[in-house]
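Dear colleague,

Please find the structure below, handed over for your records. My findings follow after it.

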Protein chains: 2
Amino acid sequence: MKLAQILPCIIWVREYRRSYFVSDMIAAAIVTIMLIPQSLAYALLIGLPAHVGFYASILPLIIYAVFGSSRTLSVGPVAVASLMTASVIQDIASQGSIDHLNAAIILALLSGLLLVLLGIFRFGFLANFLSHPVVSGFITASGIIIAFSQFKHILGITANGNNLPEILSTLYENVAHTNQSTLMIGSGALFFLFWARSGLKKLLLKLKVENATAELLTKTAPVIVVVVTIFTAFSFDLGSKGVGLVGNIPSGLPTIQLPSINSVPWMDLLVPAILISIIGYVESISVGKTLAVKRGQKIDPDQELIGLGAANVASALSGGFPVAGGFSRSVVNFDAGAKTQAAGFFAAIGIGIAALTLTGLLAFLPKATLAATIIVAVLRLVDFSILKRTWKYSLSDFMAVAATMVLTLFLGVEMGVLCGVTASIALHLYKTSRPHIAEVGEIDGTEHFRNVKRHLVNTHTEILSLRLDESLYFANASFLEDRIYKELALRKELKHIILMCTAINEIDISALDVLGVINQRLTEVGVGFHLSEVKGPVMDSLEKTDFIACLNGQIFLSQHIAVTTILENKLNIAQDNSEFRDYQI
Amino acid sequence: MKLAQILPCIIWVREYRRSYFVSDMIAAAIVTIMLIPQSLAYALLIGLPAHVGFYASILPLIIYAVFGSSRTLSVGPVAVASLMTASVIQDIASQGSIDHLNAAIILALLSGLLLVLLGIFRFGFLANFLSHPVVSGFITASGIIIAFSQFKHILGITANGNNLPEILSTLYENVAHTNQSTLMIGSGALFFLFWARSGLKKLLLKLKVENATAELLTKTAPVIVVVVTIFTAFSFDLGSKGVGLVGNIPSGLPTIQLPSINSVPWMDLLVPAILISIIGYVESISVGKTLAVKRGQKIDPDQELIGLGAANVASALSGGFPVAGGFSRSVVNFDAGAKTQAAGFFAAIGIGIAALTLTGLLAFLPKATLAATIIVAVLRLVDFSILKRTWKYSLSDFMAVAATMVLTLFLGVEMGVLCGVTASIALHLYKTSRPHIAEVGEIDGTEHFRNVKRHLVNTHTEILSLRLDESLYFANASFLEDRIYKELALRKELKHIILMCTAINEIDISALDVLGVINQRLTEVGVGFHLSEVKGPVMDSLEKTDFIACLNGQIFLSQHIAVTTILENKLNIAQDNSEFRDYQI
């Protein structure tokens, strides 16, 4: 049992059945066909030799099959992590240099080790601090950046940049140098792939292909484009006409070796590695969870960290770049009927065979084709509906989405995600620093106290019942203080303030100090200060201090008891010190 | 009325009475006597010419009297802001150079403008994010650093550094060069000042001096030391014996002029200026509030920003350094009977007279004397009791104190306060990311639902009532999700889950998405998902979405109604889909 926690594969290997094998093989075949162009394309996106994409798609899949807790997640090169990698390593070394590749490998190593460490220390919860608005905004903006960054390959020109304005301005500068043949190949591929998204399925259905099969065959459209453009490039000798081809790439499997970390300033890669690993993890865990829920399976967030981390370390050891669980490939894997991670294992074998046998053919593959597959793939990530949804739901969520999108587009992926996370945390803190404070009164004939502004309730001029709708902590304690003093100045007959603590889940020491000051001030002006409905854990904390002893009033079990007790007993705090009152107001 | 909001002085000037004048004059005289050595000492602490201390103590006091909202706050040079200034400007230019002074002046200008801006935009709430543990830890650590940094003057050697290890190691290196005469003056002054803190008052009481007067006279002990050591230095020509003296300083009032910002990299001073202004503000507002509460007066946090900001701009225009409301001087001012800011105005005149007439005498003042007054003053700031208090109260508050103290001591003031603030916010977020989730049951004969672990309550095997003690937001939504799935796996008879929302003050869009996923999962396994006691503002938000329509259960006004309705009606969600159940577990 313990071993199965470390090696989740033990569970599915033990339960393995022959029927699973057939399903897994079919899914693996389809995923392999998808992954061949994708792995090359993402290597191209990063600016690395194409075969490195293969290297990032063999060992990582096998290792994830051993350590991962999701049965259907398809790990390998993905769009957003690749974009982030590209953006980091282009500042480290010039494209094509050995250090450029080394930087990508070390980024994978660092990301992997970080994820494994986070997993071991059960720090998976850190991913929760990436709110949905930030993730959605970030992924949409990344999709846009990636799509535009690939247009240079469609046009056959050079362009670069880490953000949209840079990319657009370099595209604009060089657009005059557009290569006609490249543009024809690229736009043809783009057009076919866009059409295939809806038209191919319709065509297959007309040809009496079953719906599910048609759906899956549609996903293989990129392979059709790859095959067609390879033969076009070969037949018309497009390489000599200035069309960028993948060119000769080494054939064979990656050799396992430790990356050389001396040549690269790996300390500078630490922060980017943290960002890449966390973004990659969030992407993986969200698709993994979605798929697991559909089959009533479970994902262990901390085990996923280890699985994904091990996959990244494996990628680094085989000379690859950072990998993650890809959204579209995982869904295809799931829909194709993958039962276990054996599907991932078989897909790895598929890519291995491709790396051994297909490199001769792939030398003729136009880069424009790969760019077209990337553009079509990433445009699926672009989703502006989150803007509308959050706009309707809450301003602060909308602001988090908008800030993340705009900053990512204009400042690049790293600044975008960092500012997005900071913005969503800051907005949350801002909201909790000015909590909702409701004056409450008793609903006739019940013991329920509700907001006087929303319900018809009974109140008493000498008693003010305030319900603070937030935990009391350093950021909002003086907000409560100010509110109480304001009420004090407005209500001349006030003799008692009862703080209804139903929503107070914690009182930290800063807030405790402020409560002490409020109590002191109220005592001076002869107003009783009481608490009601204090939660167990909060009461436990208060009992450790002298606050309860210093409190001029009482702590009541319920708001109802508090009000009735005060009314019946005419508690005499106010009378005792009433001469202080004029002094204050 | 509007004008009085911008110029709070209008209020006290209008109410001014003759009796106030006498009180204010007495307080001003005592504060002036305290401020003469302090202003010189803090200039020395920063490493600036002594007379700059006077410049920072004239116009700022007058301007604060006009714009400040506290009647008794004594603005001027203070220990912590001076330490922070010293630490920043020593990296900008070498001590003694014109740019060194310019950097301090620009720091005052930037801090002042920032505070005024924050005040105009009513951003005073930002100061609330400095928790009491962080402020206490930071001030204690700063006090220790300042005290040790002054030992070089007591020994007559050179030493420097931004943090304790640096200061101690440079002290240790040079301790062999100790100047005997300096040590005698310095240790004599130190001894007298320490004794004066308790002994002088006792002595005065024995001489039949009234208690309050004795208390105030004790505060003037530094002046006695100053006078005695000036005459000792003059009589024994200590200057020629290697004792560091203040030396010739220009006599006269500061001239008002715009600081020259071209010679100093003012962009580098922006972040330090933010830190200095916020720390200075927090120090000022906390002492200002404490004193105001004692007299039933009010402090307007946003007006304080403007008052303090204007004082800093005034300091910059007269060639001074950053100022703030000093704790000990304000208390003395208050105890001496200051009624209004006129006391501050008169103290400014007092310092002006000193700057015009006393510079000849002050030339013979040993630096060791000033160092001794600083050491005695800052050791009052050192307070380790916060460590004990927080240790008893809550681990996270203790960690925030300890982290701030240790980091300030070992990494210096800027890193210390930045890490402290980050730590206290991170700890708060961590706590809210793993909220308390209680299973609740009904107390017999009531409609109250309480934690099953703390109370004897009624529960039903087919119904699980969970109370989430925290607002539901991105950082804790999946924590709730995990808990619900865990309960689902443990309780085979479960048919309904009711989420009691008394403590949920907000549901952000990330949490809403997670609630949607929980609902989908529970629907698949045939378990009803209900909410109860949803607060008004939260309900308003939910009504803007299709969540309520998708929810497989209902939203009940109270937990009691929820449980009784489910028991009576045998809601049929569970029965309908019971075949799903085996699949899941």
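Is helix H6 (residues 79–89) of chain A mostly covered or mostly uncovered, and how many of its residues are buried? H6(A) is mostly covered, with 11 of its 11 residues buried. Among them are Ala79(A), Met84(A), Thr85(A) and Ile89(A). A residue counts as buried if 20 or more other C-beta atoms lie within 10 Å of its own, as exposed if 12 or fewer do, and as partly exposed in between, with C-beta atoms placed from the backbone. Helices here are DSSP runs (H or I, at least four residues), numbered from the N terminus.

Please note that this is a predicted model, in which local features need pLDDT of at least 70 and side-chain atom pairs count only at pLDDT 80 or more, whereas totals for chains, interfaces and linings use all residues. Residues are numbered from 1 along each chain as its sequence is written, and chains are lettered from A and ligands numbered from 1 in the order in which they are written.

**Cores**

The largest nonpolar core (buried Ala, Val, Leu, Ile, Met, Phe, Trp, Tyr and Cys residues joined through C-beta atoms within 7 Å) has 152 residues, and Ala104(A), Leu107(A) and Ala372(A) have the most contacts inside it. Helix H3 (residues 18–46) of chain A gives the most to this core, with 15 residues. Apart from it lies another core, of 151 residues, including Val78(B) and Leu101(B). Leaving aside neighbours within four places in sequence, Ala104(A) is in contact (C-beta atoms, placed from the backbone, within 7 Å) with Ile46(A), Leu48(A), Thr85(A), Ile89(A) and Phe321(A).

**Symmetry and interface**

A turn of 180° and a shift of 0.1 Å along the axis lay chain A on chain B with an RMSD of 0.1 Å, superposed by least squares on the C-alpha atoms of residues with pLDDT of at least 70 in both. This is the relation of a two-fold axis. The C-alpha of Ala503(A) is the nearest to the axis in chain A, 2.0 Å from it.

At the interface, 48 residues of chain A are in contact with 49 residues of chain B. H22(A) gives the most to the side of chain A that touches chain B, with six residues. The copies meet through the same surface, because 100% of the interface residues of chain A are also interface residues in chain B.

**A helix pair in chain B**

Helix H10 (residues 180–206) and helix H12 (residues 221–235) of chain B pack at an angle of about 150°, with their axes 10 Å apart. H10(B) and H12(B) are therefore roughly antiparallel (an angle over 145 degrees).

With kind regards

Conventions: Helices (H or I, at least four residues) and strands (E, at least two) are DSSP runs, numbered from the N terminus. Two residues are in contact if their C-beta atoms, placed from the backbone, lie within 7 Å. Axes are lines fitted to C-alpha atoms, for helices over the stretch in contact, and angles run from 0 to 180 degrees between N-to-C directions. Angles under 35 degrees count as roughly parallel, over 145 as roughly antiparallel, 65 to 115 as roughly perpendicular and the rest as oblique.
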